[in-house]
Amino acid sequence: MSLRPPVSGKDHIEGNEKAMIELVEYGDYQCPHCGKAYPIVKKLQQLLGDQLKFVFRNFPLVKIHEAAMIAAAATEAAALQGKYWEMHDIIFENQEFLDPDSIFDYAGRVGLDMKKFEEDMERRELMEKVETDFESGIYSGVNATPTFFINGEKYNNGWEADRMFDFIKATYPEAVK
Amino acid sequence: MLSNGTKAPDFSLFATPDQRISLEEFRGKRVILAFYPADWSPVCGDQMALYNEMLKYFHKHNAELVGISVDGKWCHMAFSQERKLHFPLLADFEPKGAVANLYQVYDEKIGECRRALYVLDEEGIIRWSYLSPVGMNPGADGIMDALEEMNSVQSNLSV
């Protein structure tokens with residue numbers, strides 16, 4: 001199953017845009033499994049360095065995770081101030097506290113202009129962006145969170161511990177020095 | 001599985017402890033029949049919870065979703081409340097698996113429905129189906145593709 005649509009300028013990209021390995025995660029900020037995957041992705045980024053670009057797309061399961069949408073919207077609001085990844089990180093690092101007060105606290109801690117952040121959080125386009133991500137996840141065959149795509153193809157072999165790194169090493173040996 | 005173009009067999013099953021739903025009631029709407037093995041599979045990756053999040057996108061295509069398993073109506077009620085599901089779960093409970101059998105997706109060895117999907121059009125004709133490998137949540141990309149394909153056939157006919 002392939003990623004639909006492919007990664008584009010509309011996505012948030014971390015790392016070398018021309019990297020050999022493209023890792024896309026569909027995730028939910030309140031999903032405990034995504035919380036467990038967070039340090040695993042960080043480690044992968046460290047191990048692969050310039051050979052990896054990482055993209056996060058929102059797939060909030062709002063009926064079971066009531067704070068997932070506000071958390072996702074907060075990262076999009078942070079993106080408007082060029083601090084998407086800072087917000088992404090601080091939210092996953094504090095996943096157990098996603099009430100509005102905590103989210104605003106994180107916004108302050110990553111150095112956002114709070115007045116602008118507050119205004120932006122009211123904007124419909126942020127939620128629409130999150131929903132566009134979600135819809136693309138449906139078409140891409142996302143069936144759980146997190147779901148990963150490596151170089152455009154759905155990755156089904158388990159992401160725990162070093163399994164993604166081992167897969168990349170076996171499939172793209174040139175990417176691993 | 002029943003093939004595309006055949007009429008979906010009608011049925012009437014309990015959706016709540018005191019209410020039955022029959023397939024005929026959906027005439028004029030598209031119907032997604034999602035047969036699944038059992039209520040209470042693990043959270044987050046659960047197929048029904050996932051589809052619950054996607055209802056809006058199914059509704060955009062005039063499609064209603066129905067889940068079917070051999071669990072009883074009280075079990076369905078508890079499961080549905082706990083997961084806050086906004087679509088009916090039908091109890092293929094007595095005679096056990098009869099409807100799954102009609103749709104050729106009953107696993108007699110374990111006494112559960114297989115994980116299988118049917119998409120029916122407004123007239124109750126089967127337009128698409130899919131049998132998922134054991135233990136694999138099929139997601140919804142196949143359903144969405146089938147619904148869009150049906151849209152494009154319709155718009156070609158109306159030209």
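In the predicted model, strand β3 (residues 30-35) of chain B pairs with strand β4 (residues 63-69) of chain B in the parallel sense, over 6 bridges. Within this pairing, R30(B) stands opposite A63(B) of β4(B). A second partner of β3(B) is strand β8 (residues 116-120) of chain B, and here the sense is antiparallel, with 5 bridges. V31(B) faces L120(B) in β8(B).

In a regular strand, side chains alternate between the two faces of the sheet. Both faces of β3(B) are covered, with R30(B), I32(B) and A34(B) buried on one side and V31(B), L33(B) and F35(B) buried on the other. Because 6 of its 6 residues are buried, β3(B) is largely enclosed by the rest of the structure.

Several of these residues recur in the largest nonpolar core, which has 87 residues; A74(A), I32(B), L33(B), A34(B), F35(B) and I68(B) touch the most other members. The largest share of this core, 8 residues, is supplied by helix α2 (residues 68-79) of chain A. When residues up to four places away in sequence are not counted, the contacts of I68(B) include L33(B), A34(B) and F35(B), as well as L90(B) and V99(B).

Between the chains, 16 residues of chain A are in contact with 16 residues of chain B. Helix α6(A) contributes the largest share of the chain A side, 4 residues. That side comprises 9 nonpolar, 5 polar and 2 charged residues.

Helix α6 (residues 124-140) of chain A has 17 residues and spans 24 Å from its first C-alpha to its last, close to the expected 24 Å. Its buried residues include L126(A), V130(A), F134(A) and I138(A). The helix is followed by G141(A), whose phi is positive, near 85°.

Definitions and conventions: Residues numbered from 1 in each chain as written. Chains lettered and ligands numbered in written order. Predicted model: local features only at pLDDT ≥ 70, side-chain atom pairs only at ≥ 80, totals over all residues. Helix = DSSP H or I, 4+ residues; strand = E, 2+ residues; numbered from the N terminus. Expected span 1.5 Å × (residues − 1). Buried ≥ 20, exposed ≤ 12 C-beta atoms within 10 Å, placed from the backbone. Core = buried A, V, L, I, M, F, W, Y, C linked by C-beta atoms within 7 Å. Contact = placed C-beta atoms within 7 Å. Nonpolar A, V, L, I, M, F, W, Y, C, P; charged D, E, K, R; others polar. Pairing = 2+ DSSP bridges.
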